[in-house]
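Me: I am new to this structure and should like to be guided through it by questions and answers. May we begin once it is shown?

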Amino acid sequence: MKKNINLRSLAAQTVEQVVEQGQSLSNVLPAMQQKVSDKDKALLQELCFGVLRTLSQLEWFIHKLMSRPMTGKQRTVHYLIMVGIYQLLYTRIPAHAALAETVEGAVVIKRQQLKGLINGVLRQFQRQQDELQAEFAQTEVRYLHPSWLVKRIKKAYPQQWEAILEANNQRPPMWLRVNRNHHTRDAWLTLLAEAGLTGFPHADYPDAVRLETPAPVHALPGFDEGWVTVQDASAQGCMTYLQPENGEQILDLCAAPGGKTTHILEVAPEANVMAVDVDEKRLSRVYDNLKRLGMKATVKQGDGRFPEQWCGEQQFDRILLDAPCSATGVVRRHPDIKWLRRDRDIPELAQLQAEILTATWAHLKPGGTLVYATCSILPEENSEQIAAFLQHTPDAVLSETGTPEQPGKQNLPGAEEGDGFFYAKLIKK
């Protein structure tokens, strides 16, 4: 391990930045991982993801074990204790090692005087673990989601809400997309088996393969050569409805990090694709993906509400709009979403989606196809959004996805399925 680096204190600081400062885990974690050796990167990730997945449970335990909360500059210690409890509950790390390393974390964050307190709280947790867990299982907090989100999911899915929350709390499956320009899916599955890994084809999406157990990308046959891409099955479902063809002008809007841009070019290598995203920093990932797969597209930074600023009067044969959303369908991949989102975000996001959809529609050729997609499971952003759009857009026709009363197709997250995802295919009359 690198000198004077304590993995537990890094995990505590990462979670603190997410919860207290509202930063995204995918922004904070990579910088923290730079500080540890390669073999420790995975453990740091496991601790950060795990603590955020079970945050409300760990908070509840600490509230039970301590008479008053750690505040101000001592706040990092609060998260350090969380990291300690998480290890005792959910990892195979021997208890004595978890305790020793967590207590030692106080030295690195210059809170040496609190080593005794941390040790005392964690040992008390060990002693009372069974009764604390039994009591927790009877509380409202047991779903490990904020109450506003539980309420919304319950209302939208009165039969399935518990299964959805349960799926959100699991580790996600690893899905891959086989590049059909190099291999058929079956041929690549044979190569995968030869590499000692097992994969399962998706029943509906022709390029999708689920790994039996997640593996590092360098273990996948031909990853560097562009034979395969990591992409969730539900995200791959967009091509089922977009059906891009060679020679067409195609817009991929809100394109970063470029998974769908490259999928369009795998299906239609001769298409002219424009990939646009509002976030300049994330566009670098689009370039990376195009480069690895040896593909070309026009990449632009731009706001979906004002297409004339980045495409002038241009009209497109097909548009894929993967709209900015609450990301409530990908909570298992990004557990920080549960604690970063607020109830008030939902109407604001729905308003933004409506503006982008209306502005983009003007740039679709008559007879063209627009696929509206989100990684949300909330009706306000999905079926209700499309129902409202169809009502005030006379030249829009729903195709293949639902009915005018219940427009769109909604995937829900499942243990061996893709993420929560919504699609609506619209044709311009």
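Me: Which helix supplies the largest share of the largest nonpolar core?
Reply: The model is a predicted one. The largest nonpolar core has 49 residues, and Leu44, Val51, Phe61, Ile81, Ile85, Ile118 and Phe125 touch the most other members. Helices that each supply at least two residues of this core include H1 (7-21), H4 (55-65) and H7 (115-136). The largest share, ten residues, comes from H5.

Me: Which residues does Phe125 touch, leaving aside those up to four places away in sequence?
Reply: Phe125 is among the members of the largest nonpolar core that touch the most other members. With residues up to four places away in sequence left out, the contacts of Phe125 are Phe61, Leu65, Ile85, Leu88, Leu89 and Leu132.

Me: How many residues does the second, separate core have?
Reply: Among the members of this second core are Tyr205, Ile264, Leu265 and Tyr423. The core is separate from the one described above, and its number of residues is 35.

Me: Is Thr14 buried or exposed?
Reply: Thr14 is placed in helix H1. Beyond four places in sequence, Thr14 touches Leu25, Val28, Leu29, Met32 and Cys48. Its relative accessible area is 0%, and because buried means under 20%, Thr14 is buried.

Me: Which elements give two or more residues to the lining of the second largest pocket?
Reply: This pocket has a volume of about 180 Å³. Its lining is formed by Gly50, Arg53, Thr54, Tyr86, Tyr90, Leu144, Asn169, Gln170 and Arg171. By class, three of these residues are nonpolar, four are polar and two are charged. The elements that give two or more residues to the lining are helix H3 (38-53) and helix H5 (75-90).

Me: How far apart in space are Gln231 and Lys260, C-alpha to C-alpha?
Reply: Gln231 is in the loop between strand E4 (228-230) and helix H11 (233-236), and this residue is buried, with a relative accessible area of 8%. Lys260 is one of the residues that Gln231 touches beyond four places in sequence, and others include Trp175, Arg177 and His263. The two residues are 29 residues apart in sequence, while their C-alpha separation in space is 8.8 Å.

Me: Why does Cys238 form no disulfide?
Reply: Cys238 is buried, with a relative accessible area of 0%. A disulfide needs two cysteine sulfur atoms within 2.5 Å. The closest cysteine sulfur, in Cys375, is too far for a bond, because its distance from the sulfur of Cys238 is 10.0 Å.

Me: What is the count of disulfides?
Reply: Cys311 also counts as buried, at 10% relative accessibility. The sulfur of Cys311 is too far for a bond with the closest cysteine sulfur, in Cys254, at 13 Å. With the 2.5 Å cut-off, the count of disulfides is zero.

Me: Which peptide bond, with omega near 5 degrees, is cis?
Reply: Most peptide bonds are trans. Pro257 lies in the loop between strand E5 (249-253) and helix H13 (259-267). The cis bond runs from Ala256 to Pro257.

Me: What is the phi of Ala327?
Reply: Most residues other than glycine have a negative phi. Cys254, in the loop between E5 and H13, has a positive value near 65 degrees. Ala327 lies in the loop between strand E8 (316-322) and helix H16 (337-340), and counts as buried at 11% relative accessibility. Although Ala327 is not a glycine, its phi is positive, at about 60 degrees.

Terms used
Residues are numbered from 1 along each chain as its sequence is written. This is a predicted model: local features need pLDDT of at least 70, side-chain atom pairs count only at pLDDT 80 or more; totals for chains, interfaces and linings use all residues. Side-chain values use heavy atoms; hydrogens and water are left out. On a 1 Å grid over the protein atoms alone, a cavity is a set of points where a 1.4 Å probe fits but cannot get out, and a pocket is an open set with protein on both sides within 12 Å along at least five of seven lines; lining residues have an atom within 4 Å of a point. Grid points are joined across faces, edges and corners, and a volume is the space filled by probe spheres set on the points. Helices (H or I, at least four residues) and strands (E, at least two) are DSSP runs, numbered from the N terminus. Ala, Val, Leu, Ile, Met, Phe, Trp, Tyr, Cys and Pro count as nonpolar, Asp, Glu, Lys and Arg as charged, and the others, Gly among them, as polar. Buried means under 20% relative accessible area, exposed over 50%, partly exposed in between (1.4 Å probe, protein chains only). A nonpolar core is a set of buried Ala, Val, Leu, Ile, Met, Phe, Trp, Tyr and Cys residues joined through side-chain atoms within 4.5 Å. Contact means heavy atoms within 4.5 Å.
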